[in-house]
Structures are given as C-alpha cells and as structure tokens.
Amino acid sequence: MPDSVFVEDTAVVLPEFAIITRPGAASRGAEITSVAEALRPHRPLAFIESPGTLDGGDILHIGSTIYAGESTRTNAEGIRQLAQLAYSYGYDAQPVKVSSCLHLKSAVTAVADDVILLNAAWVEASSFPGLAQIEVHPREPFAANALRIGDNVIYSATHDQTCRRLEEHGISVHIVETDELEKAEGAVTCCSILIS
C-alpha cells in the first residue's frame, strides 16, 4: 500500500463521529480496514458505500460547515452520503468544484477560525463566504496546504513567499521539510488524521 502514508484520505474525523471513506483510487481500498480499527475506540464510525467515493483530502471542516471537494477522487454520490451522515449532527455540507489539482486541500485550507489560505486558480474564492482569505503567492501554486493545530500552522519549507504572507497576517507558522511528499502532490495535511 504505497499511498498509505497519505492517511488523511481514509477518514474524516469530527468531534461526534468519524466517517471511514471510500478512496477514489481503487488501489487504496485495503487501507481503510486498519484505519477503521484504529479509530473505533475514539469515535462511532460511519462508512461511505459504493458507488460513492470520498477522499479525506477533499474535506475541509470549518465550524458547522463541511466543504467537500468534487474532484477526480471524490464523486457527487460520496458527497451526498457525507452530507446525509453529517446533517444528523448539525453540519452543513457544501460541494466545491476543484480543478487543476488532486484534492480540495491542495487548493484551500483553514489557517485560523475564520481565515483560509487558497489558490483561487484551483477553487472559486466565492465558495467560502464570510471567511477572510489569504491567497498563495502566484509563483507558489501548491502553497495552499497548511495543517492547523490549535493556534499553530504546520507548513512546508518550500513555499517561503506564501509563508511570509501567513506571518504578515499574524499566523504562527512552524516549518517542516516536505519536498519528498510534494513529488506526489502530498503535503502536510495528507499525513495525519487529527483527533481532538
């Protein structure tokens, strides 16, 4: 399972429950069994069923809204199932079209409670009303992926121009090396499933 390092794609963890996904790449199907077993002690589980596909990298959770990227890995049926599961816990799922990249979180991530970092060439900025937006530097199209943990953001050392923009907005940034992950369009969110 060579893609298993990108564990984020196998689950969406919310405070109330966890959704075990059905990754869009068939080669990743075997990954979900071990992830489900690891999460079972921490949350009630729900599952995306065929013909739905859903990658965790296409899910951005901000407050009571779940933005779901419709991409080559996540289809409309997967988003419909996600919306149905999340609705019972008070969440509103909003589909978002993704272009020119693999996952929604390649194009946009949250860097504070009401602030997102985005590449407006890959996702419509108008899809995120009410949120302040920091755009990636034009020479760093892959710079929108940031991993927020509390008041801190873990961020790639590769994108120094965009990093400056984050710091200018008062974001506390912690730099890590991700150049090997980036060869497969991987980044900091891809390698984690956060449980709070």
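Is Trp122 buried or exposed? That was my opening lookup, and Trp122 turns out to be buried, with a relative accessible area of 10%. A reminder to myself before going on: this is a predicted model.

**Entry 1: around Trp122**

I found Trp122 in the loop between β8 and β9. Next I listed its contacts, leaving aside neighbours within four places in sequence. Trp122 is in contact with Lys97, Val98, Ser99, Ser100 and Cys101, and also with Ser106, Ala107, Pro141 and Phe142. I also checked a distance to Leu102, which is 20 residues from Trp122 along the chain. The C-alpha atoms of Trp122 and Leu102 are separated by 10.0 Å.

**Entry 2: aromatic pairs**

How many aromatic pairs does a search of the whole structure find? I noted three, and I looked at two of them in detail. A pair of aromatic rings is described by the distance of the centres and the angle of the planes.

I began with Phe17 and Tyr89. Their ring centres are 4.3 Å apart and their planes are at 15 degrees, so I wrote this pair down as stacked. The cut-off I used here is that planes under 30 degrees apart count as stacked. Phe17 sits in the loop between β1 (11–13) and β2 (18–20), while Tyr89 sits in the loop between α2 (76–87) and β6 (92–97). The two are 72 residues apart, and the pair links distant parts of the chain. Phe17 is buried, at 2% relative accessible area, whereas Tyr89 is partly exposed, at 40%.

Then I turned to Tyr67 and Phe128. Here the ring centres are 4.8 Å apart and the planes are at 55 degrees, so the pair is tilted. Tyr67 belongs to strand β5 (residues 65–70), and Phe128 to the loop between β8 (115–118) and β9 (132–135). This pair also links distant parts of the chain, its members being 61 residues apart. I found both Tyr67 and Phe128 buried.

**Entry 3: the cysteines**

How many disulfides does the count come to? The count is zero. I looked at Cys163, which is in no disulfide; the nearest cysteine sulfur, that of Cys190, is 18 Å away. Cys163 counts as buried because its relative accessibility is 8%, and the cut-off for buried is under 20%.

Cys191 is in no disulfide either, and its nearest cysteine sulfur is that of Cys190, 5.9 Å away. A disulfide needs the sulfur atoms within 2.5 Å. Cys191 is partly exposed, with a relative accessible area of 30%.

**Entry 4: the pockets**

Rolling a probe the size of a water molecule over the atoms shows where empty space is left. I wrote down about 770 Å³ as the volume of the largest pocket. Which residues are the closest to its centre? Of the 28 that line the largest pocket, they are Val13, His61, Lys105, Arg148 and Leu194.

I then asked about strands. β1, β4 (59–62), β7 (108–112) and β10 (147–149) each supply at least two residues of the lining of the largest pocket. β4 gives the most, with four residues. By class, I noted 15 nonpolar, eight polar and five charged residues in this lining.

The second largest pocket has a volume of about 160 Å³. Its lining includes Lys105, Ser106, Phe142, Asn145, Ser156 and His159. Glu182, Glu185, Gly186, Ala187 and Cys190 line the second largest pocket too. By class, the lining of this pocket has three nonpolar, five polar and three charged residues.

**Entry 5: Glu8**

Where is Glu8 found? I located Glu8 in the segment before β1. Glu8 is buried, with a relative accessible area of 6%. Not counting residues up to four places away in sequence, Glu8 touches Gly56, Gly57, Lys105, Thr189, Cys190, Ser192 and Ile193. I had already met Lys105 in the linings of the largest pocket and the second largest pocket.

**Entry 6: Ile48**

My last stop was Ile48, in the loop between β3 (45–47) and β4. Ile48 is buried, at 5% relative accessible area. What does Ile48 touch, not counting residues up to four places away in sequence? I listed Ile19, Ile20, Thr21, Arg22, Thr53 and Leu54, along with Gly78, Gln81, Leu82 and Leu85. I also looked up Ile154, which is 106 residues from Ile48 along the chain. The C-alpha atoms of Ile48 and Ile154 are separated by 29 Å.

How values were computed: Residues are numbered from 1 along each chain as its sequence is written. This is a predicted model: local features need pLDDT of at least 70, side-chain atom pairs count only at pLDDT 80 or more; totals for chains, interfaces and linings use all residues. Side-chain values use heavy atoms; hydrogens and water are left out. Buried means under 20% relative accessible area, exposed over 50%, partly exposed in between (1.4 Å probe, protein chains only). Rings of Phe, Tyr and Trp (its six-membered ring) pair if their centres lie within 6.5 Å; planes under 30 degrees apart count as stacked, over 60 as edge-to-face and the rest as tilted. Contact means heavy atoms within 4.5 Å. On a 1 Å grid over the protein atoms alone, a cavity is a set of points where a 1.4 Å probe fits but cannot get out, and a pocket is an open set with protein on both sides within 12 Å along at least five of seven lines; lining residues have an atom within 4 Å of a point. Grid points are joined across faces, edges and corners, and a volume is the space filled by probe spheres set on the points. Ala, Val, Leu, Ile, Met, Phe, Trp, Tyr, Cys and Pro count as nonpolar, Asp, Glu, Lys and Arg as charged, and the others, Gly among them, as polar.
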